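I opened my notebook and put the sequence beside the 3D view. These are my entries, in the order I looked things up.

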Amino acid sequence: MRFAGLKRWGLKRWALAFGILLAGVAGAAQAADRFEVTFAPALHQGPLTGRLVVLVSPTQPKGDHIRPGFYGPPMFGADLEALKPGQAGVLDDSAKAYPLDNLKALPAGDYWVQALVITYGEAHRADGRTVWAPLNLERTDLTVLPGNLYSAPVKVRLDPAQGFDVKLSLDHVETAHPLPDTEWIKRVRIKSKILSDWWGAPMYLSANVLLPKGWAEHPNARYPVALLQSFDPQPFYFSTDPATMKQAESLKAGGLKPGYDVYQSWISDGFPRMLAISIEQPCPFFLEAYSTDSANCGPFGEAITKELIPYLEAKYRGIGKPYARVVEGASTGGWEALNLQLKYPDEFGGAWVFNPDPIDLHHDQLVDAYKDDNAFTMSVAPGIESTQANVTVERSMRRTVEGQSNLSMRELSRWEDVLGSHGRSGGQFEGWNAVHSPVGPDGYPAPLFDIETGKIDHAVAEAWRANGSDLSDYARRNWATLGPKLRGKLNIISGDMDNFYLNLAVYDFEDMLKATAGPDYPARFVYGRPKKGHGWHHKDWAGVAEEMAAQVKANAPAGEDTKQWNY
């Protein structure tokens, strides 16, 4: 799960301008508060379209970036459309704001101020839509994508009551930072014809391939593939650096061990030899396309299974047969792993699914997408006495493992509201809309709920169900075909106090499976108790890899030479 929320929009399209801002208020004129940005033509060819974000920090930043965050400095956002070099783009009191209500609510004081622009490109898609969205994609936060422009942080005095006009120069550009190959990990990036044709723009898929010990010394050996749906460019956190042992405490709560420990297991005698491959699949609307075909992101499931996997297995000597190809993922990757196993049951020999994003929309976190009216608030539980009618409380989005809420649905939505319009914030809620929703009337993802009010659009929820995004419902509807193909392939693991309430949908999926396939159906559910949160694993990575290898070996058809990868 990846996310990025707090203010009602009340969106007024801000004027981008040749500098003229009209403020017409009956009575006394109010002081104007505004930031003006300009950029040099050497940094960006042609007019600039994107999302302008201004961050205002009371403390001096470390390095050259003020970082946005849920508990970070105030930030303000508005759209730029075709801003020309030398022309001033204006962000004023009409801008979206977080965590404040608006720019006027900023307390007077001395601040470090920085502007950035998340740059958009124009795409003419195969579905006939033309959209503007980030096209210089990397597996990273949208605020630091290659090609983004930003200003140096400057210290200024801001007093909204007196008015201010701060001029900022976008004189820096973000550059790509590709990771190098190492002895053990090879970086792969391929242009996807399927996705490029659909987007009408160059689109790429990437992978990080962890080689088994002895790969070069055994040129005739072919290996099982563990396809990891992971945000980490180091498969299984693999590292040859002993300094990574200091990760032990931070990984302990998740049941994992540090990267150097993984390395020691990986090269040990008797450890199964396999290819561990983490894939990268950023979509212009989100840093992950969820390994599925969708109306807004395009045919990523098709591209991964028809282009990326065959390419990797051929280049790095994978066995290339379904029994020897397993999928794994946690959080976002957990949903992806289960989705691949369900949608392509003949292509994969097993799935290890850890704390997946919502796999049953009766528990889209704490929201029942089919029955609830509002994502931000919920009625008090039946039986609780109240002297008021229709009492509602804020709905939590995240909690500690002890149950304390530390981020609400409304707050996360407000945060995303600042970072992009039309579903382009790169945040978690709008990422789900991009992956699961139909295309909206404006050509961009239709939201499951209104980002200002939280009101749920049940037609969109039903569209999620119809297109197979509710994986529990999809499995139920297709069980006559899926049941025989999934026997012994499903391993679903979750902590009982998942920080994003994702365990609730896992319980729903298990209940569905028992009701549909019977209590003796061979699928495994493992729950971490007590107080096991998001990211909990039942075994460390070496243990998970050994489970995968054991399943591949047990399912190998008669006559298969499994000794070639167990040298």
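**Entry 1: a threonine in a loop**

Is Thr-453 buried, partly exposed or exposed? I noted beforehand that the model is predicted. I read a relative accessibility of 42% for Thr-453. Buried needs under 20% and exposed needs over 50%, so Thr-453 counts as partly exposed. I found Thr-453 in the loop between α7 and α8. I then looked for its contacts and left aside neighbours within four places in sequence. Thr-453 touches Asn-374 and Phe-376. I also checked Thr-453 against Ala-97. They are 356 residues apart in sequence, and their C-alpha atoms are 15 Å apart in space.

**Entry 2: helix α7**

Next I went to the helix on one side of that loop. Helix α7 covers residues 428-436, and 9 of its 9 residues are buried. I listed some of the buried ones, including Phe-429, Trp-432, Asn-433 and His-436. What covers them? I found that the cover includes β17 (293-294), α5 (332-343), β23 (396-399), α6 (409-419) and α8 (458-466).

I also looked at the loop between α6 and α7, where His-422 sits. Phi of His-422 is positive, about 55°, although this residue is not a glycine. His-422 has a relative accessible area of 27%, so I wrote it down as partly exposed.

**Entry 3: two cavities**

Which element gives the most to the lining of the largest cavity? It is α7, with 3 residues. I matched the names: Phe-429, Trp-432 and Asn-433 are among the lining residues. Others in the lining include Asp-364, Met-409, Leu-448 and Trp-464. The volume of the largest cavity is about 70 Å³. I sorted its lining by class and got 8 nonpolar, 2 polar and 1 charged residues.

The second largest cavity has a volume of about 60 Å³. I read its lining as Trp-335, Asp-357, Pro-358, Leu-361, Asp-364, Trp-432, His-436, Trp-464 and Ser-469. By class, that is 5 nonpolar, 2 polar and 2 charged residues. Asp-364, Trp-432 and Trp-464 appear in the linings of both cavities.

**Entry 4: a kinked helix**

Where does helix α4 bend? I found a kink of about 30° at Leu-308. The helix runs over residues 300-316, and the kink lies shortly before the proline Pro-310. I checked burial too. Leu-308 is one of the buried residues of α4, and so are Phe-300, Ile-304, Leu-312 and Tyr-316, among others. After α4 comes Arg-317, with a positive phi near 65°.

I found a positive phi near 65° at Ser-331 as well, again in a residue other than glycine. Ser-331 is in the loop between β19 (325-330) and α5. Its relative accessibility is 7%, so Ser-331 counts as buried.

**Entry 5: strands and a glycine**

I turned to strand β11, residues 164-170. Its covered face holds Phe-164, Val-166, Leu-168 and Leu-170. Its uncovered face holds Asp-165, Lys-167 and Ser-169. β11 pairs with β1 in the parallel sense, over 7 bridges. Which residue stands opposite Lys-167? I found Glu-36 there.

From β1 (33-39) I followed the chain towards β2 (48-57), and Gly-46 lies in the loop between them. Gly-46 has a relative accessible area of 36%, so it is partly exposed. Beyond its neighbours within four places in sequence, Gly-46 is in contact with Phe-39, Leu-83 and Pro-85. I also checked Gly-46 against Trp-184. They are 138 residues apart along the chain, with 42 Å between their C-alpha atoms.

**Entry 6: cis peptide bonds**

My last search was for cis bonds. A cis peptide bond joins Tyr-98 and Pro-99, with omega about -5°. I placed Pro-99 in the loop between β5 (96-98) and β6 (109-119). The bond from Arg-529 to Pro-530 is cis too, with omega near -5°. Pro-530 is in the loop between β26 (524-528) and α12 (541-555).

Terms used. Residues numbered from 1 in each chain as written. Predicted model: local features only at pLDDT ≥ 70, side-chain atom pairs only at ≥ 80, totals over all residues. Heavy atoms only, no water. Bend = angle between axes of the 7 residues up to and from the residue. Helix = DSSP H or I, 4+ residues; strand = E, 2+ residues; numbered from the N terminus. Buried < 20%, exposed > 50% of the residue type's maximum accessible area, 1.4 Å probe, protein only. Contact = heavy atoms within 4.5 Å. 1 Å grid on protein atoms, 1.4 Å probe; cavity = no way out; pocket = protein on both sides within 12 Å on 5 of 7 lines; lining within 4 Å. Points joined across faces, edges and corners; volume = space filled by probe spheres on them. Nonpolar A, V, L, I, M, F, W, Y, C, P; charged D, E, K, R; others polar. Pairing = 2+ DSSP bridges.
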